[in-house]
Amino acid sequence: MYDVHSVREDFPVLKNVIYLDNAATTQTPVPAVRAMEEYFFRYAGNHGRGAHRLARETTDHYEDARESVAHFLKTDAKRTVFTGNATESINIVSRGFPWEDGDHVVVTLVEHHSNLLPWMRLKDEGVNITIVRPDITGVVDPEDVRSAINDRTRLIAVNHISNVFGSRQDITKIIRSAHREDVRVLVDGSQSAGHVPLDINSMDPDFFATPGHKGLLGPQGTGILYIKEPDMIEPMFVGGGMVRSVTDSCYEAEPCPAKFEAGTPNMPGVIGLGRAVEYVRNIGVDMIEKHELSLARDAASRLAGIDGVEVYGPRDRASVVSFNVKGMNAHDVAMILDQTKKICVRSGYHCAIPGIDLLGVDGTVRASFALYNTQEEVDILVETVSNIASLVA
Ligand SMILES: Cc1ncc(COP(=O)(O)O)c(C=O)c1O
């Protein structure tokens with residue numbers, strides 16, 4: 001039995017608010033915060049840079065976190081790179097890939113800007129881009145992605161779960177058909193890691209990017225990049241920490257993951273992330289998914305039943321519910337939710353303007369759920385939205 005009330009004890013901030021902005025960032029559980037506190041108060045040193053005990057202890061904890069994350073994502077620590085966020089992870093790939101003039105990339109219209117702009121910017125290097133349209137619920141047809149491939153296509157970049165619609169893409173199908181054409185795939189797992197069971201080995205993307213601060217419950221300033229064949233891309237940053245030997249004319253990089261982690265990394269953040277991932281693993285992603293889906297789907301169907309409320313996304317949504325109250329600006333709705341019931345939701349374009357444009361609206365209100373949300377919170381959300389809608393009816 002999933003005991004959400006005991007889970008909530010690990011997130012003290014939830015005593016003060018109804019937090020439904022989990023697609024933006026989640027709260028971090030006490031054991032992960034304690035792990036960071038322990039770093040600061042007991043052994044803070046630099047990673048991989050010293051023989052003394054604090055440097056060694058820091059390195060051990062940092063590398064243990066890598067093992068935990070890799071184990072959780074069902075992949076290999078040697079291919080698991082720590083970054084500052086998903087945006088950085090994606091830019092490392094777009095900047096490091098060996099592009100040639102005339103190469104082609106396929107993305108979709110339902111991407112977060114962080115998985116769109118890094119590819120759009122490649123136009124400056126002669127790389128062409130095709131943007132595949134999803135249906136009106138934010139679902140991309142894998143067949144449309146496949147037929148966008150041409151003989152210069154090198155890479156497909158696609159979200160696993162949309163941060164606007166809560167739609168899930170058929171990643172397995174997209175990857176299989178891309179690989180048959182020798183095309184690489186980057187999966188933006190920002191809204192899936194920690195929310196749905198993941199097995200990177202069997203999913204088989206070439207790159208998988210996710211922040212640490214969403215479903216994985218880690219602190220802000222952490223991100224992950226899985227790279228299947230690390231020699232395929234050049235590091236975006238060079239300098240200390242990523243180099244094996246240097247002469248006055250050249251250098252030899254360390255192998256992955258160090259190759260992609262130049263400079264002093266976010267040691268406390270990564271150590272906190274490692275502990276947060278253990279926390280998620282102990283509860284079980286299957287349990288978490290079941291709990292979140294029951295809340296999100298209940299919220300979506302009850303909100304859709306309110307006169308004057310429009311809900312977007314597919315029926316079999318993930319834990320994201322975007323909606324609007326007709327006749328009201330999304331920001332005003334969000335502000336009233338906060339001021340009347342301390343309900344924290346996101347409003348606006350969610351860093352996904354082209355996806356929102358598909359809906360022909362000026363943004364949406366977005367409620368997004370995590371393992372610590374409750375049925376009572378859904379009830380309060382639905383009741384408050386119903387009251388707001390009755391104001392404009
Ligand atoms: C689907 C998706 N991709 C990328 C990002 C960017 O994540 P970050 O801000 O950690 O770089 C987000 C953040 O909301 C997202 O939802």
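Two strands are said to pair if DSSP finds at least two bridges between them. The structure treated in these exercises is a predicted model.

**Exercise 1.** Determine in which sense β12 and β15 pair, and over how many bridges.

*Solution.*
Step 1. Locate the strands: β12 covers residues 320–325 and β15 covers residues 364–368.
Step 2. Apply the criterion of at least two bridges. Four bridges link β12 and β15, and the sense is antiparallel.
Step 3. Identify one bridge: V321 has A367 in β15 as its partner.

**Exercise 2.** State the strand order of the sheet that contains β12 and β15, and explain why one side of β11 and of β14 is left without a neighbour.

*Solution.*
Step 1. The order in this open sheet of four strands is β11-β12-β15-β14, with antiparallel pairing.
Step 2. β11 (309–312) and β14 (346–348) are at the edges and have a single partner strand each, so one side of each lacks a neighbour in the sheet.
Step 3. On average, neighbouring strands are turned by 30° against each other, direction ignored.
Step 4. Add the helices. Helix α10 (residues 285–304) lies across β11 and β12, at about 145° to β11. Helix α11 (residues 330–341) lies across β12, β14 and β15, and runs at about 160° to β14.

**Exercise 3.** Describe the open sheet of seven strands and name its edge strands.

*Solution.*
Step 1. Its order is β2-β8-β7-β6-β5-β3-β4, and the pairing is mixed.
Step 2. β2 (80–83) and β4 (128–132) are the edge strands, each pairing on one side only.
Step 3. From one strand to the next, the twist averages 20°.
Step 4. Examine one pair: β7 (residues 207–211) and β8 (residues 223–227) run antiparallel and are joined by five bridges. Here P211 stands opposite G223 in β8.
Step 5. Place the helices. Helix α3 (residues 53–72) packs on the sheet and touches β2 and β8, its direction making about 115° with that of β2. Helix α7 (residues 171–180) touches β5 (153–159) and β6 (184–188), and its direction makes about 175° with that of β5.

**Exercise 4.** Characterise the surroundings of the ligand.

*Solution.*
Step 1. Around the ligand are 13 residues, of which T87, D188, Q191, H213 and K214 come nearest.
Step 2. This shell divides into three nonpolar, eight polar and two charged residues.
Step 3. Consider individual atom pairs. In the side chain of T87, an N or O atom is 2.5 Å from an oxygen atom of the ligand. A nitrogen atom of the ligand lies 2.5 Å from a polar side-chain atom of D188. For S190, the distance from a side-chain N or O atom to a ligand nitrogen atom is 3.2 Å.
Step 4. The ligand taken alone exposes 400 Å², and the protein buries 90% of that.

Terms used. Residues numbered from 1 in each chain as written. Predicted model: local features only at pLDDT ≥ 70, side-chain atom pairs only at ≥ 80, totals over all residues. Heavy atoms only, no water. Helix = DSSP H or I, 4+ residues; strand = E, 2+ residues; numbered from the N terminus. Axes fitted to C-alpha atoms, helices over the stretch in contact; angles between N-to-C directions. Contact = heavy atoms within 4.5 Å. Near = heavy atom within 4 Å. Polar contact = N/O pair within 3.5 Å; in protein donor to acceptor, adjacent residues only side chain to side chain. Areas by Shrake-Rupley, 256 points an atom, 1.4 Å probe, with all protein chains shown as cover. Nonpolar A, V, L, I, M, F, W, Y, C, P; charged D, E, K, R; others polar.
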